[in-house]
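Biologist: I'd like to learn how to read a two-chain model feature by feature. Could you take me through one, with the general idea ahead of each case?

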2 protein chains.
Amino acid sequence: MAHKTDIEIARAAEKRLIQEVGAKLGIPAGDLLPYGHDKAKVGAEFIAGLKDRPNGKLILVTAINPTPAGEGKTTTTVGLGDGLARIGKKSAICIREASLGPCFGMKGGAAGGGYAQVVPMEDMNLHFTGDFHAITSAHNLLAAMIDNHIYWGNDLGIDQRRVTWRRVMDMNDRALRDVVCSLGGVANGFPRQTGFDITVASEVMAILCLATDIHDLQRRLGDIIVGYTRERTPIHARDLKADGAMTVLLKDALQPNLVQSLENTPAFVHGGPFANIAHGCNSVMATTTALKLADYVVTEAGFGADLGAEKFMNIKCRKAGLAPSAVVIVATVRALKMNGGVAKADLGAENVDAVRAGCANLGRHIENVKSFGVPAVVAINHFAGDTEAEIAAVQDFVAGQGSEAILCKHWAEGSAGTEALATRVVELAEQDHHAFAPLYPDEMGLFAKIETIAKRIYRAGEVIADKKIRDQLHAWEEAGYGNLPICMAKTQYSFTTDPNLRGAPEGHSVPVREVRLAAGAGFVVAICGEIMTMPGLPSKPAAETIGLNDMGQIEGLF
Amino acid sequence: MAHKTDIEIARAAEKRLIQEVGAKLGIPAGDLLPYGHDKAKVGAEFIAGLKDRPNGKLILVTAINPTPAGEGKTTTTVGLGDGLARIGKKSAICIREASLGPCFGMKGGAAGGGYAQVVPMEDMNLHFTGDFHAITSAHNLLAAMIDNHIYWGNDLGIDQRRVTWRRVMDMNDRALRDVVCSLGGVANGFPRQTGFDITVASEVMAILCLATDIHDLQRRLGDIIVGYTRERTPIHARDLKADGAMTVLLKDALQPNLVQSLENTPAFVHGGPFANIAHGCNSVMATTTALKLADYVVTEAGFGADLGAEKFMNIKCRKAGLAPSAVVIVATVRALKMNGGVAKADLGAENVDAVRAGCANLGRHIENVKSFGVPAVVAINHFAGDTEAEIAAVQDFVAGQGSEAILCKHWAEGSAGTEALATRVVELAEQDHHAFAPLYPDEMGLFAKIETIAKRIYRAGEVIADKKIRDQLHAWEEAGYGNLPICMAKTQYSFTTDPNLRGAPEGHSVPVREVRLAAGAGFVVAICGEIMTMPGLPSKPAAETIGLNDMGQIEGLF
C-alpha cells in the first residue's frame, strides 16, 4: 500500500457523488450547487436556515514549529476526521483551498497525504470552484475604480502617492512585484508606482474568510482602506462605491465548498488566506456551517501553534464566536529530531537524545495551547523509520507534561490509524471545559497586545518598535481601530524572529519592523520579518513538466 | 408583456434542470459536468465519441453594419433557435460568452433580449463556468515564464525589448495599458516596458475558440510567438515548455458550456474572442459538438457581415471544415433609417425614403453573403414604432435583390414571432447547395488576401500599406506562415475605415497601419484603424450602482 504515491492513491479513490456526501450531513441535493460530480457549494439559503441549530464540537489541529522534515498537519486533520467517522461520530473536515500560482513553481500539493487525503486532488490544485478567481476579480475591480476615480477628476482627493491598494494575481510572478502603471500619456491616467501581490495575500481573501454572511462581507469590503488624501484622511472602498459590485463578484465564492476524504467523510475546503500577513485559517462560513451539520468538526490553522493556533484563537474564534473543544498538536519523530539539532541528512539514524531535546519545542506548544483554556493531545504522525525507543521518548515527555501523545498511522492505514486519537479527542471534548478565552481582551492597547503575544506565546523578553510604529498604533487607536486583534507576521520556523533558532528559546527580542491596518479584515498586522507577498518561480519551474498524458491525466502537478 | 425588462423576463423564466436540457440533445446526465443546476459543461469523452455522427445544418446569423439604433443579432439568433424548435426541428443555439470586465463599465448585457434570451443571465455576465478566468491564468502563466526565463539566465537569448507577449486581465483598467515591470532591484528581474490587454483580446482566447480538440489546443499554444532574440529569431511558448501547463489550465475551459433559452432550447455559450483583433465567433468545439447533436444549429458572428460573416467564413469555417447552409442577415427599420442618414433623435418619425436609402447597406451585405455560395434571408427585427410602409419598403427592396425579408417579433412574442423565419431557413437549408467556399485560397499571398477582402467585401478601390508592412508580410511568408488566413481589424460601423460613412460606399482606400502574426491562433491580423485592447471605465462606472438587493438579487448589472 505505502508504495503508491499520493496522486495514485487519490485517483484510485472510490468517490461518492457529492449529493451522497452532502446527504451524510443532511444537506438536500437541491441545496448543493454542484461543480461537476464531486464538488459542490452549499447554498446560502440553506446555510441561513441553520442558524438556530446547536453547534457540534470544534477540534483544532495544529503543530510544532515546521521543519523540512515535515509534520503532516493536514494529513492528520483528514485522518482524524476519518477516525471520528470510524468510531461512529458524524464528522466533517474543514481545511483551506490551495493557491494556483505556487503549483507552477514548486510541485502542487495534495490535501493530506497517503490514505488520509481529500479529493479531487487535481481540481483542488487548479481552478476548483473559482473562489480565488472571484477574489482576484473583486480585488482588481477596486484597484481599477481607484485609478478611474483619479482619472475622472479625483473628487475624493486621493493622493496618488498614497494609494496603498495594490493589484493581485494568482501567479508566482516576480516581474509584477514593483511596477509603474498608467504610462503612455493622458488617456492612460497618472503614472504612479505600485505592484501586484499573489491573490492569497489579498485583504479580500482575509475578508471572505472572516465574513459571517453576505451582509458582513459587504460591510467589511466597504471598510477597506485603499489610500489617503494629502491630509492623510483615509479613503475607503465604500467611498468609491465599490463594495456592492465587489460583493456581487464574491456572492458565489462566499458559499463553502464541499468535497470528500478518501473515506468519503465530508470535507469543507474553503478560503486560503496567507498565514503571515493574514490569519491562515479556512473560512468562518465553512466552519460555522460544518458545526451546524456535524457533531465533530476537525480543522487546522497555518504554520506551527505559535502563529497558527494563536491567530485561530485570537482572531478567528474571537471574531466568529467559536470555541475549540480540544486541540491536537501534531509532531513527528523526525521533526523533533531536527528541533533537537539533527541535520536533515542524518534523520535516518535512531537518536533518542535528539528526540528528547527537540521535545522542548513540543512542550512549549502544549503549554501555550493550554493557556487558552483548551485541552490538548499530541498526535505522533508515524513515519516508517521511527524506532520504538524514539516514540516512547516522545510519549514519556508528553506524559510528564500532563498530556498524552498518541501514535497515529493514518498515512499508511487511513482511519484505522487514528482510532485511538479519535477516541481520546472525544473524551477530551466531551468533558466540556468551557474555559476557552482569547489571550487578550479587545480593549487592550494595540502595542500591549503585541507584547502579550510575544511574551506569553513566544516567551520573548521584549518587543522593540521605533517611535514611528508606536505613533502609528496610537493614531489607529485614536481613529477607533484600537479594539482590533493583532495578526503577527513572523517566521514560522522558530518562536523567535530568527528561522534558525529551533527548540524552545526564550528571553529574545521581537522587533516590529512595520504595522499595517487591514480595516476590512479587522486586524492590525505586525510585521516582524521579511514578508514576501508575491513569490517568484524557481529556475526549473514545475510548469515546465506539467502536462496531460496519453490518458488525459495531469502529470507533473504533484 | 413588453413592459417587463430583460432581467425581469429572465428571472421569471421557467428553467429546466440542465440535465433535462441536455437530454433534449441526447446527452446522458453523467456526461454533463454541472455548474449549479442550470449550467453544465459537456464532457470531453462524450464529445470525442460523437465524431462519426453526421452533422446537422449550420445557420449563421449576421447583420447590417451596427448603428446606435441596435440590430438585435443575438436576440434573433436565440429567437430563431426557439423558432426552429417550435416548428419541430431539433435545434441548438451557439453564442459567445460575455466578458466580465466591461460589465462594470457600461451595463452588462443579456444574451438576447425580451422573450428571446438565454439564461441564467446573471451568471453569464459574471464568472459563468470560469472559462475566461482559466484563459487569464494560462495567458499570465506564459508571461511569468518568459520573465522567469530571462531572470534565471536567459538560455534562449530572449531580447527583453522584443517580448511581444503582454499580460491580460478581465477588467476595464486603463492604468494597466502601459506599465514598466520588474522594478525594485536585482531580485525582481530586468525592467522593461509592457502592458495588459483585456482577456478577450488574448491570443489564448482565439486559440481556445479555434481548437478542434485538446491536442490541437496544445499544439496551437506551443506555436504562440512570445518574442524574439536580438537576431529576430522567434521564441515560441513551446521553447519555454509552457504549452503543457497552459493546456492543463485550459482542460476544463475547452469543454463547451450548455445552458438554455427562455423556451428551454439548448444553448451552447462558449468562448468570446474579440471581433477585431480576433475572429469574433463562439468556439469551434461548441459549434462542432452542437452539429453532432442537433439537426439545426444557429450561431452568430461579431459585428456586421463585412467583418463578422467574412471572418466566420474565411477563418472559422475554413479551419474547422464547416459550411453554413444558410445565412440570416438581421436588419431593423431604425438601423436602416440611420444608414439612410437619419439622426438617432429623429428615429421615432416614419421616414420611408430614409429606409429605402439605408437599404443600400443591407443590399451590399446580401450580395457579399451570397458571394460565399450560401443562400441568404433577411430578418427584420421588429420594433414597436416601425410602420407598415417602412417594413414594406424593406421587403420590396430585398425582393428586388432576389431574397426575402421576413418580419420577426421574437423580442415580444418569443418563438411565435420567428415561425415564418424558421420555416424559410429550413427551406433554404434543405435545398443543400453545397456551394460554400471561402473567399480566397490558402495559397494566395498574404497581401493579396487583404486586397481580396477589401475589394470584394468592402468594395474598396485600393489597399494602402507602406514598405515596412509589405516586407513584414513577405518575411512571414518566407517563414512558412503564408498559408494563414487574414483577420481584418477595422471599424464595424462602415464598409470603409471611417466609422461615420454609413450606407454602401465604394472605391475608397483601406490603409493597413500594422500587421500582427497570431501564430498559435493561426491568422495574420491586419489593423486598419485604432484597436483598443484594454478599455477604460467611464466617469460613472456601472460598478458604482451594482449590488445585491434585499432579496439577494443582483441590481445594476443590467
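Modeller: Gladly! Let's start with contact, which means heavy atoms within 4.5 Å. This is a predicted model, in which local features need pLDDT of at least 70 and side-chain atom pairs count only at pLDDT 80 or more, while totals for chains, interfaces and linings use all residues. Residues are numbered from 1 along each chain as its sequence is written, chains are lettered from A and ligands numbered from 1 in the order in which they are written, and side-chain values use heavy atoms, with hydrogens and water left out.

Biologist: Then how many residues of chain A are in contact with chain B?

Modeller: On the side of chain A there are 64 residues in contact with 64 residues of chain B. We can also look at buried area, the accessible area (1.4 Å probe) that two parts lose on being put together, summed over both. Chains A and B bury about 5300 Å² between them, and 67% of that is on carbon and sulfur atoms. In chain A, the residues that lose the most area to chain B are A:R174, A:V248 and A:L548, together 11% of what that side buries.

Biologist: How many polar contacts and salt bridges should I look for across the interface?

Modeller: A polar contact is a pair of N or O atoms within 3.5 Å; within protein, one must be able to donate a hydrogen and the other to accept it, and residues adjacent in sequence count only if both atoms are side-chain atoms. Between chain A and chain B, 27 residue pairs are in polar contact, both residues at pLDDT 80 or more. Helices (H or I, at least four residues) and strands (E, at least two) are DSSP runs, numbered from the N terminus. The largest share of the side of chain A that touches chain B comes from α7(A), with ten residues.

Modeller: For salt bridges, the general idea is that side chains of opposite charge can pair when their charged atoms come close. The rule asks for a side-chain nitrogen of Lys or Arg within 4 Å of a carboxyl oxygen of Asp or Glu. It finds two salt bridges across the interface of chain A and chain B. A:D173 and B:R167 meet through their side chains in a salt bridge, at 2.8 Å from N to O.

Biologist: And how are the two copies related?

Modeller: Two copies of a chain are related by a rotation about an axis and a shift along it. Superposition here is by least squares on the C-alpha atoms of residues with pLDDT of at least 70 in both copies. A rotation of 180° with 0.0 Å of shift along its axis superposes chain A on chain B, with an RMSD of 0.0 Å. That is the relation of a two-fold axis. Of the residues of chain A, A:Y35 comes closest to the rotation axis, its C-alpha at 2.3 Å. The copies meet through the same surface, because 100% of the interface residues of chain A are also interface residues in chain B.

Biologist: Within a chain, how do I read burial? Is A:H508 buried or exposed?

Modeller: Buried means under 20% relative accessible area, exposed over 50%, and partly exposed in between (1.4 Å probe, protein chains only). A:H508 has 13% relative accessibility, so it counts as buried. A:H508 is found in the loop between β21 (486–489) and β22 (509–511) of chain A. Its side chain reaches the backbone oxygen of A:Y458 at 3.3 Å.

Biologist: Which residue forms a salt bridge with A:K490?

Modeller: That is A:D306, with the closest N and O atoms 3.2 Å apart. The pair links distant parts of the chain, 184 residues apart: A:K490 is in the loop between β21 and β22 of chain A, and A:D306 is in helix α12 (residues 305–320) of chain A. Both A:K490 and A:D306 are buried.

Biologist: Where do B:D223 and B:R219 lie?

Modeller: Both lie in helix α9 (residues 214–223) of chain B, four residues apart, about one turn of the helix. Their side chains meet in a salt bridge at 3.3 Å, N to O. B:D223 is buried, with a relative accessible area of 19%, whereas B:R219 is partly exposed, at 42%.
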